[in-house]
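Here are some exercises to work through with a structure open beside you. Try each task on your own before you read its solution.

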Amino acid sequence: QVQLVESGGGLVQAGGSLRLSCAASGRSGSSYIIAWFRQALGKEREFVAAIDWSGGRTNYADSVKGRFTITRDNTKNTAYLQMNNLEPEDTAVYYCASTPLFRSTALMQVPSSYSYWGQGTQVTVSS
C-alpha cells in the first residue's frame, strides 16, 4: 500500500509564498517520479511540476515557471513545492502523485501516468 499525504496549503495574499509537502510511505521504489497537479473549481486537473528520483530532471508547467520550485528529500521520502509570487489564478486543490516507472518529459505531465495520488491540500490566493 502506497500513501501520499500533502500538507502546507492555506490562505495567502497575492504575492505571497507557500511551501507544500508530500510525504510518501509504503512500498519502496513507488516514487521514482513525484508530481504536483492542481484542480481549480469547475476546471480539469492540470499539471504543475514533476521531479525524478535523482532530482536531476524536473518539469514545470509554463504558468508556474520561475515562480514554483519542486524538490525532494529521499531520506525523508518527501517532495516539496515551493510557491512564490502567488497569484489568485493559483487558487486550487493541489495534489501530489507518484509512479514507480520512468516517464518521458511529455508523459510526466499526464495524470494517467501516475499510479498513486494524495487527497489534496487547498491553496487559496486572495487578491
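**Exercise 1. The disulfide**

Task: Find how many disulfides there are, and describe where the cysteines lie.

Solution: Keep in mind that this is a predicted model.

Step 1. Look for cysteine sulfur atoms within 2.5 Å of each other; by this rule the count comes to 1 disulfide.

Step 2. Name the partners: Cys22 is joined to Cys96, with an S to S distance of 2.1 Å.

Step 3. Place them on the chain. Cys22 belongs to strand β3 and Cys96 to strand β9, so the pair ties together parts that are 74 residues apart in sequence.

Step 4. Check the handedness: the torsion about the S-S bond of Cys22 and Cys96 is about 65 degrees, so this disulfide is right-handed.

Step 5. Finish with the surroundings: both Cys22 and Cys96 are buried.

**Exercise 2. The nonpolar core**

Task: Describe the largest nonpolar core and the strands that supply it.

Solution: Start from a general idea.

Step 1. In soluble globular proteins, nonpolar side chains tend to be buried together.

Step 2. Here the largest nonpolar core has 35 residues. Among those with the most contacts inside it are Trp36, Val48, Phe68 and Tyr114.

Step 3. Trace the strands: β3, β4, β5, β7, β8, β9 and β11 each supply at least two residues of this core.

Step 4. Zoom in on Phe68. Leaving out residues up to four places away in sequence, Phe68 touches several residues, including Val48, Leu81, Met83 and Tyr94.

**Exercise 3. Aromatic rings and a charge**

Task: Work out how the rings of Phe37 and Phe47 are arranged, then look at the rings linked with them.

Solution: Begin with the whole structure.

Step 1. A search of the whole structure finds 4 aromatic pairs.

Step 2. Take Phe37 and Phe47: their ring centres are 5.7 Å apart and their planes stand at 75 degrees, so the pair is edge-to-face, the cut-off being over 60.

Step 3. Phe37 sits in strand β4 and Phe47 in strand β5, so their pair ties together parts that are 10 residues apart in sequence. Both Phe37 and Phe47 are buried.

Step 4. Tyr114 and Trp117 also form an edge-to-face pair, at 6.4 Å centre to centre with 75 degrees between the planes. Tyr114 is buried at 6% relative accessible area, whereas Trp117 counts as partly exposed at 26%.

Step 5. Put the rings together: ring pairs link Phe37, Phe47, Tyr114 and Trp117 into a cluster.

Step 6. Add the charge. The charged end of Arg45 sits over the ring of Trp117, 4.8 Å from its centre, and Arg45 also lies over the face of Tyr95, at 3.9 Å from the ring centre.

**Exercise 4. Two residues, two settings**

Task: Decide whether Asn59 is buried or exposed, and do the same for Gly26, buried or exposed.

Solution: Take one residue at a time.

Step 1. Asn59 is found in strand β6. Its relative accessible area is 7%, and buried means under 20%, so Asn59 is buried.

Step 2. Look for a partner: the side chain of Asn59 makes a polar contact with the side chain of Gln109 at 3.0 Å.

Step 3. Gly26 is placed in the loop between β3 and β4. With a relative accessible area of 54%, and exposed meaning over 50%, Gly26 is exposed.

Step 4. Leaving aside neighbours within four places in sequence, Gly26 is in contact with Gln1 and Val2.

Definitions and conventions. Residues numbered from 1 in each chain as written. Predicted model: local features only at pLDDT ≥ 70, side-chain atom pairs only at ≥ 80, totals over all residues. Heavy atoms only, no water. Helix = DSSP H or I, 4+ residues; strand = E, 2+ residues; numbered from the N terminus. Buried < 20%, exposed > 50% of the residue type's maximum accessible area, 1.4 Å probe, protein only. Contact = heavy atoms within 4.5 Å. Core = buried A, V, L, I, M, F, W, Y, C linked by side-chain atoms within 4.5 Å. Polar contact = N/O pair within 3.5 Å; in protein donor to acceptor, adjacent residues only side chain to side chain. Phe/Tyr/Trp six-rings, centres within 6.5 Å; stacked < 30°, edge-to-face > 60°. Lys NZ or Arg CZ within 6 Å of the ring centre and 35° of its normal.
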